[in-house]
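The following paragraphs walk through a protein model, beginning with a strand and its partners and ending with a helix.

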Amino acid sequence: NGVFLHPVGYLEGVRALCDKYKILLILDEVMCGFWRTGPLFAFQHFPGVVPDILTSAKGLSSSVLPLGMIGMRQKIKDFFETAPLGWGATYANH
């Protein structure tokens with residue numbers, strides 16, 4: 001299928017390590033988001049796993065429009081409201 005399937009419990013373990021050491025869990029759903037694995041996002045297969053930052057593109061518009069997205073937890077959004085950061089997407093300047 002072109003997508004690496006990790007062992008049972010792996011992603012839950014990564015989430016737990018991120019929580020323990022206060023590391024942001026960033027998941028990119030470009031290849032597996034938007035119902036390609038069943039639910040809207042692939043991480044939804046794993047109970048208790050919610051990313052701190054979620055990114056995606058292409059599937060958002062079926063590659064018809066150059067559109068990307070980023071989702072984040074409220075505390076991260078609040079930080080960038082007062083400390084903006086320039087950014088780009090994979091479609092930028094092509």
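Why is strand 2 (residues 53-57) largely enclosed by the rest of the structure? The model is predicted, and the reasoning rests on computed accessibility. A residue counts as buried when its relative accessible area is under 20%. Four of the five residues in strand 2 are buried, so the strand is largely enclosed by the rest of the structure.

The pairing of the strands comes next. Strand 2 pairs in the parallel sense with strand 1 (residues 26-28), over three bridges. Here L27 stands opposite L54 of strand 2. Strand 2 is also joined to strand 3 (residues 68-72), this time antiparallel, by five bridges. Two of the positions facing each other in this pairing can be named: L54 stands opposite G71, and A57 stands opposite G68. L54 thus has L27 of strand 1 opposite it as well as G71 of strand 3.

Taken together, the three strands form an open sheet in the order 1-2-3, with mixed pairing. Strand 1 and strand 3 stand at the edges, and each has a single partner strand, so one side of each is left without a neighbour in the sheet. From one strand to the next, the twist averages 15°. In a regular strand, side chains alternate between the two faces of the sheet.

Outside the sheet, helix 1 spans residues 10-21 and contains V14. With a relative accessibility of 23%, V14 counts as partly exposed, because the buried class ends at 20%. V14 and V49 are 35 residues apart in sequence, and their C-alpha atoms are 8.9 Å apart in space.

Note on methods:
Residues numbered from 1 in each chain as written. Predicted model: local features only at pLDDT ≥ 70, side-chain atom pairs only at ≥ 80, totals over all residues. Heavy atoms only, no water. Buried < 20%, exposed > 50% of the residue type's maximum accessible area, 1.4 Å probe, protein only. Pairing = 2+ DSSP bridges. Axes fitted to C-alpha atoms, helices over the stretch in contact; angles between N-to-C directions.
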